[in-house]
Amino acid sequence: MTLAKLSVYAIEGALLGVFMISACFFTAVLQYSGSPVRNAIASDLVRRALIGVAMGLTAICLIYSPWGKRSGAHMNPALTLGFLRLGRIAPRDAAFYIASQFIGASVGVALVSLVLQAWVNDPSVNYIVTAPGKPGPLVAWIAEFSIAFLMLTMVLVTNRRPRLQKFTGYFAGCLVALYITVEAPLSGMSMNPARSFGSALNANLWTFYWVYLTAPVAGMLVAIEASRLYCASLRQLCGKLTHSHTHHCFIKCDCLQEH
């Protein structure tokens, strides 16, 4: 294993760790019962929308950052498994990506809780643990499956088209914002087994974690099989959300040949 690969694995974990720090911070500011911002904005929908915008922008910034361009900014085991299924990433690299994502999410939540412990530990924030809403775990599973399916479908569509590929990260950020605003009441909006793991580990609360472990993976794998029905060729399919033009890419990708 080369030092270059180790650095990319570390970057994958760090990207999700930063995302979790941002998620904890903005959720605490907007949802903590003692926050002046929370008390100034009575509408739960407006607060969710603001969190959604903040996290969508966070995702976009991370995806197009130098680190994001280096690793491809998967930041999600379900997405990495999807690209593994498509043959865009080697099994060993996928395993290290996924391990780094789980570690990064856990460390990210732990770090922000050291600074904002009273806020993050409060029941109104609770380490941003994802949990099914009032309709229950079955609806939460279906919701998580659906948003994961739509996310990877979008990635597959845009990454097959050179003119759209460079905007994939922006589309992903917009979907994250929309999901947090609209879907969060059903499942808490995870779409990411590592993201939910990091929160559950720090909160020591694993209720219905199986929803967030299985539904995003199933949704993205089904999206792949559905996509194969309409486009059998993998030509120009990219295994990253963004690219570095200055660093070697060990994820299989040929779409830049069209640029």
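Colleague: Let's start with Met191: where does it lie?
Modeller: Bear in mind that we're looking at a predicted model. Take the two helices that flank Met191, H11 and H12. Met191 belongs to neither of them, but lies in the loop between H11 and H12.

Colleague: Is Met191 buried or exposed?
Modeller: Being in a loop doesn't settle that for Met191. Its relative accessibility is 7%, and the cut-off for burial is under 20%, so Met191 counts as buried.

Colleague: And what is the phi of Met191 near?
Modeller: Most residues other than glycine have a negative phi. Met191 isn't a glycine, yet its phi is positive, near 65°.

Colleague: Asn204 also has a positive phi. Is Asn204 buried or exposed?
Modeller: Asn204 sits in the loop between H12 and H13, with phi near 55°. The relative accessible area of Asn204 is 61%, and anything over 50% goes down as exposed, so the label for Asn204 is exposed.

Colleague: Zooming out, how many helices does the protein have?
Modeller: Strands are easy here, as the count is zero. Reading from the N terminus, each element in the string is α. The helix count is 13.

Colleague: What percentage of the long-separation contacts in the protein join residues at least 24 apart?
Modeller: For context, 51% of the 259 residues count as buried. The pool to look at is contacts between residues at least 6 apart in sequence. Of those, the share joining residues at least 24 apart is 76%.

Colleague: How are H5 and H6 oriented to each other?
Modeller: The axes of H5 (residues 77-85) and H6 (residues 91-115) come within 9 Å and cross at roughly 175°. Angles over 145 degrees go in the antiparallel bin. Therefore H5 and H6 are roughly antiparallel.

Colleague: Which residues of H6 make the contact with H5?
Modeller: On the H5 side, the contact uses Pro77, Thr80, Leu81 and Leu84. Counting both sides, the contact has eight nonpolar residues, two polar and no charged. The H6 side is made by Pro91, Ala94, Tyr97, Ile98, Gln101 and Phe102.

Colleague: What does the cover over the buried residues of H5 include?
Modeller: The buried residues of H5 are Pro77, Ala78, Leu79, Thr80, Gly82 and Phe83. Pro77 and Thr80 also turn up in the contact with H6. The cover includes H6, H8, H12 and H13.

Colleague: At the start of H5, which residue's backbone nitrogen does a side-chain oxygen of Asn76 reach?
Modeller: The other end of H5 is followed by Gly87, with a positive phi near 75°. At the start, the side-chain oxygen of Asn76 comes to within 2.9 Å of a backbone nitrogen. That nitrogen belongs to Ala78.

Colleague: What do the buried residues of H13 pack against?
Modeller: H13 has 22 residues and reaches 33 Å, close to the 32 Å expected. Its buried residues include Tyr212, Ala215, Pro216, Gly219, Met220 and Ala223. Those buried residues of H13 pack against H5, H6, H8, H11 and H12.

Colleague: Now the polar side chains: which residue's side chain does Ser71 join in a polar contact of 2.8 Å?
Modeller: Ser71 is in H4 and is buried, with a relative accessible area of 0%. A polar atom of its side chain lies 3.1 Å from the backbone nitrogen of Ala73. The side-chain partner at 2.8 Å is Glu12.

Colleague: How far apart in space are Ser71 and Val8, C-alpha to C-alpha?
Modeller: In sequence, Ser71 and Val8 are 63 residues apart. In space, the C-alpha to C-alpha distance is 5.5 Å.

Colleague: Which side chain has a polar contact with that of Asp93?
Modeller: Asp93 lies in H6, and at a relative accessible area of 4% Asp93 is buried. The contact spans 2.4 Å, and the partner is Tyr9.

Colleague: Last one: which residue's backbone oxygen lies 2.8 Å from a polar atom of the Ser199 side chain?
Modeller: Ser199 lies in H12 and is buried at 0% relative accessible area. Ser199 touches Met20, Val109, Tyr127, Ile128 and Val129, leaving aside residues up to four places away in sequence. The backbone oxygen in question is that of Tyr127.

Methods. Residues numbered from 1 in each chain as written. Predicted model: local features only at pLDDT ≥ 70, side-chain atom pairs only at ≥ 80, totals over all residues. Heavy atoms only, no water. Axes fitted to C-alpha atoms, helices over the stretch in contact; angles between N-to-C directions. Helix = DSSP H or I, 4+ residues; strand = E, 2+ residues; numbered from the N terminus. Parallel < 35°, antiparallel > 145°, perpendicular 65-115°, else oblique. Contact = heavy atoms within 4.5 Å. Nonpolar A, V, L, I, M, F, W, Y, C, P; charged D, E, K, R; others polar. Buried < 20%, exposed > 50% of the residue type's maximum accessible area, 1.4 Å probe, protein only. Polar contact = N/O pair within 3.5 Å; in protein donor to acceptor, adjacent residues only side chain to side chain. Expected span 1.5 Å × (residues − 1).
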